[in-house]
Amino acid sequence: LQLTTMFCPQCNTEYNSGPTHCADCGTALVEQLPTPEITYSCKHCSREIEKDNDFCPHCGILLKEQIFFCNTHTASEAKGVCVLCHTLVCDACLHVVNKRIACAEHRLVEISEGWALVFQSTDFYEAQLVRGKLVNAGITVNPQNTINAGFLMDGAMDSRFGRSILKYPVKLFVPQYEYLDAMDVLQDTDGLVE
């Protein structure tokens, strides 16, 4: 008879073979405890990141002691990566926007709390079509300014409130890590996005 060590994933109590559930909390025992994720705070942006990352996914600063080289200027040492496309950038081609590193192509993309803007329109219905396309592709969408102007009836459109609603575009944000996938979906949208 071979003894098997079992563990409670809830309270970490160790058991020798025999019991199948923890005597203290009743949780089913497992053969191996999950490895805890080791995290720490980024020195640049103070956000929590995993220990084994090469760069901070929030601000783009390089974390490893290893030297990386810029994708554009291959002889220049990279200082960070674009938070949207992960392109290595040197001092000459990096852009810092709101404490985040961006490449030249993505320096103007609006990013807020880890969400990147992929589409905006003052046409509510067009924005809803684009949102549906993104959601159908499995992309998480966080819309802003989505009040349907259709409810402004009986002269309300001519009020100060009605006119103020129409001047703000509907904005569709996606998680930073889904930005490139979302842009691929939008490029494949025939005639829907200019």
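# A guided tour: cysteines, paired strands and Arg-47

The count of disulfides in this structure comes to zero. The model is a predicted one, and the tour proceeds from the cysteines to the strands and then to a loop.

**First stop: the cysteines.** Select Cys-85 and Cys-82. The closest cysteine sulfur to that of Cys-85 belongs to Cys-82, at 3.7 Å, which is too far for a bond; a disulfide would require the two sulfur atoms to lie within 2.5 Å. Add Cys-103 to the selection. Cys-103 takes part in no disulfide either, and its nearest cysteine sulfur, that of Cys-82, is 3.7 Å away. Is Cys-103 buried or exposed? With a relative accessibility of 8%, Cys-103 counts as buried.

**Second stop: the hairpin of S9 and S10.** Select residues 111–112, which make up strand S9, together with residues 115–121, which make up strand S10. The two strands pair in the antiparallel sense over two bridges. Within this pairing, Ile-111 stands opposite Ala-116 of S10. S9 and S10 form a hairpin with two residues between them. Centre the view on Glu-113 in the turn, where phi is positive, at about 50°. Then display S10 with its surroundings: five of its seven residues are buried, so the strand is largely enclosed by the rest of the structure.

**Third stop: strand S12.** Keep S10 visible and add residues 170–175, which form S12. S10 and S12 pair in the antiparallel sense, over six bridges. To follow the register, pick Trp-115, which stands opposite Pro-175 in S12, and then Leu-117, whose bridge partner in S12 is Phe-173.

Next, select residues 142–144, strand S11, which runs antiparallel to S12 and is joined to it by three bridges. Which residue of S12 is the bridge partner of Asn-142? The partner is Phe-173, the residue that is also the bridge partner of Leu-117. Six of the six residues of S12 are buried, so this strand, too, is largely enclosed by the rest of the structure.

**Last stop: Arg-47.** Move to the loop between strand S3 (39–41) and strand S4 (48–50), where Arg-47 is located. Arg-47 is partly exposed, with a relative accessible area of 35%. Beyond residues up to four places away in sequence, Arg-47 touches Tyr-40, Ser-41, Cys-42 and His-58. Select His-58 as well: Arg-47 and His-58 are eleven residues apart in sequence, and their C-alpha atoms are 7.1 Å apart. Showing the side chains of Arg-47 and His-58 reveals a polar contact of 3.4 Å between them.

Conventions: Residues are numbered from 1 along each chain as its sequence is written. This is a predicted model: local features need pLDDT of at least 70, side-chain atom pairs count only at pLDDT 80 or more; totals for chains, interfaces and linings use all residues. Side-chain values use heavy atoms; hydrogens and water are left out. Buried means under 20% relative accessible area, exposed over 50%, partly exposed in between (1.4 Å probe, protein chains only). Helices (H or I, at least four residues) and strands (E, at least two) are DSSP runs, numbered from the N terminus. Two strands pair if DSSP finds at least two bridges between them. Contact means heavy atoms within 4.5 Å. A polar contact is a pair of N or O atoms within 3.5 Å; within protein, one must be able to donate a hydrogen and the other to accept it, and residues adjacent in sequence count only if both atoms are side-chain atoms.
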